[in-house]
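Me: I'd like a close look at one part of this protein: the buried salt bridges and whatever sits around them. Walk me through the contacts one by one, and feel free to stray to the odd backbone spots and the charged surface afterwards.

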Amino acid sequence: MANHISIRHKINSFDKKIKVSADKSISIRSVLLASQAVGTSKISNLLESEDVLNSLKVIKKLGVDYTKRKNTYYIKGFGLNSFKIKKKTILNAGNSGTLARLILGLLVKSKSQVKLIGDKSLSKRDFSRVIKPLKLFGANINSKKNRLPVEILGTEFLRPIYYEEKIGSAQIKTACCFAALNAPGTTNILARKSRDHTELLFKYLKIPIKVKSNKQFDSIKVKGLQQYKAFDYKIPGDISSSAFFIALTLLAKNSEITILNVNVNKTRIGFIKILKMMKSKIKFKNIRFYKGEKIADIFVKSSNKLKSINCPVKMNSRSIDEFLIIFLICSVANGISKFRKIDELRSKETDRLKFASNFLKKIGIKTKVNKNAFKIYGNPNIKLNNTYEIKNFDKDHRACMMSIIAALTLGGKWIIHDTDSIKTSFPNFLKILKNLGAKIN
Ligand code: S3P
């Protein structure tokens, strides 16, 4: 398959119901937690993207078997720390920061050394954020400059820790919760608010966890050394994948979409809150709950009267994966949009602040960027006629998908490279677009 696409036409108006792929965060967590449960867990509608397939490969290398029948994965766990680790085991997390950081949390008691590697983009990303707390548990960890490859050798003499997680990173919080499973006593994490799928899964699995919240932080206490039973889970749709179709509908002419069965956990819907503040027409319908997670169908209508936003900082972690698409929407909104304290975007699959400012400049939108803030001077009358080539984005799946949404809604001719990257999180993205009528070559 060619690794680039060309788009020469805006999408025509559409009115459809769609389903997006399953939630990536919950897919990875459920695979890793199933690997530590006692018995066979059944996970259906698992996201079959590269990040999740790499999670399955990683647990298999650690001696956990699984099979797939119809739409269900059967994962055979033997309890906490039951990995069978061969000498010189190398685990490849591919492009997935979540898999890489979370699996380290499960290896703090490993009896043999494990080497963790990843692709070029993941090898540029910071691991000090998890190495620091995991060393406090007692694990032995080596790395050069806190980047991959990271080598980890566990210890029998783990201790519970008290840790302040100040970034608002669910990956760090979860790595600590996973390590706490194997530590005696109670681990206490004071975590700046971030997505809470791990806490909800722990509660559902009856792993002893207590969460107390104030405005900015959650105090999380996990009691270790408690086995838990295998479980059944049906993964709901991913709000971060839905975000591209919400943006497509908002920016297309006279269109409507309903996205069925999406996880709308309140720690994940900063994007929707931001869009509502910008006066877009979005509704949750058919709201229900599944194992602690809130699920809904999302209804969206096109809008040609979007307002700019002064984005509240508390939205940052709740919409961390959606900023590229938010920036695109701001570029056609009326007025100047402002974002603060968003330097975490520089630590994603690519430096997303740099990518966004280059991208918007290319399409004639004025921006001001510094280390951790971004201003976008929106232009509701934008009309593109030139040819735009998008490449060199470190194969960041979200940069690629955002570019495709821009191409389908703003006009002009586009060549977008490294479209293979989309398989990281959303393998049927192009297929759904084509079903809505997008012309993509
Ligand atoms: C994720 C947490 C976020 C997010 C990533 C998935 C998770 O990363 O960007 O795509 O599943 O825990 P950080 O924890 O680094 O913010």
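Reply: A quick bit of vocabulary before we dive in: a residue is buried under 20% relative accessible area, exposed over 50%, and partly exposed in between. Take asparagine 261 as a trial run: its relative accessibility is 27%, so it counts as partly exposed. Keep in mind that this is a predicted model.

On to the salt bridges. The whole structure has 20 of them, and aspartate 321 is a good place to start. One of its partners is arginine 195, with the closest N and O atoms 3.2 Å apart. This pair ties together distant parts of the chain, 126 residues apart: arginine 195 belongs to the loop between strand 11 and helix 6, while aspartate 321 is in the loop between strand 17 and helix 9. Arginine 195 has a relative accessible area of 11%, so it is buried. Aspartate 321 is buried too, because its relative accessibility is 14%.

Aspartate 321 also meets arginine 398 in a salt bridge, at 3.6 Å from N to O. Here again distant parts of the chain are linked, with arginine 398 sitting in helix 11 (residues 397–410), 77 residues apart from aspartate 321. Both arginine 398 and aspartate 321 are buried.

Now for another bridge, the one between aspartate 396 and arginine 352, where the closest N and O atoms are 2.7 Å apart. Aspartate 396 is in the loop between strand 21 and helix 11, arginine 352 is in helix 10, and 44 residues separate the two. How buried are they? Aspartate 396 has 0% relative accessibility, so it counts as buried, and arginine 352 is also buried, because its value is 2%. These two don't act as a lone pair, either: Arg125, Glu349, Arg352 and Asp396 are linked in a network of salt bridges.

Staying with helix 10 for a moment, serine 357 is found there as well. A polar atom of the serine 357 side chain lies 3.2 Å from the backbone oxygen of lysine 354. Serine 357 is buried, since its relative accessible area is 11%. Over in helix 6 (residues 197–204) you'll find threonine 198, whose side chain makes a polar contact of 2.8 Å with that of arginine 29. Threonine 198 has a relative accessible area of 1%, so it counts as buried.

Back to the loop between strand 21 and helix 11, which also holds aspartate 394. Its phi is near 55°, a positive value in a residue other than glycine. With 32% relative accessibility, aspartate 394 is partly exposed. Asparagine 261, our trial run, has a positive phi as well, near 60°, and it lies in strand 15 (residues 256–263). While we're on backbone oddities, leucine 148 and proline 149 are joined by a cis peptide bond, with omega about -5°. Proline 149 falls in the loop between strand 8 and strand 9.

Last stop, the surface. Lys17, Lys281, Lys283, Lys285, Lys301 and Lys305 form a positive patch there. Strand 16 (residues 281–290) gives the most to the patch, with three residues. Lysine 301 comes from strand 17 (residues 293–301), and its relative accessibility is 34%, which means it counts as partly exposed.

Conventions:
Residues numbered from 1 in each chain as written. Predicted model: local features only at pLDDT ≥ 70, side-chain atom pairs only at ≥ 80, totals over all residues. Heavy atoms only, no water. Patch = residues over 30% accessible without salt bridge, like charges linked within 9 Å, V, L, I, M, F, W, Y side chains within 5 Å. Areas by Shrake-Rupley, 256 points an atom, 1.4 Å probe, with all protein chains shown as cover. Salt bridge = Lys/Arg side-chain N within 4 Å of Asp/Glu carboxyl O. Lys, Arg positive; Asp, Glu negative; His and termini not counted. Charge placed at Lys NZ, Arg CZ, Asp CG, Glu CD. Helix = DSSP H or I, 4+ residues; strand = E, 2+ residues; numbered from the N terminus. Buried < 20%, exposed > 50% of the residue type's maximum accessible area, 1.4 Å probe, protein only. Polar contact = N/O pair within 3.5 Å; in protein donor to acceptor, adjacent residues only side chain to side chain.
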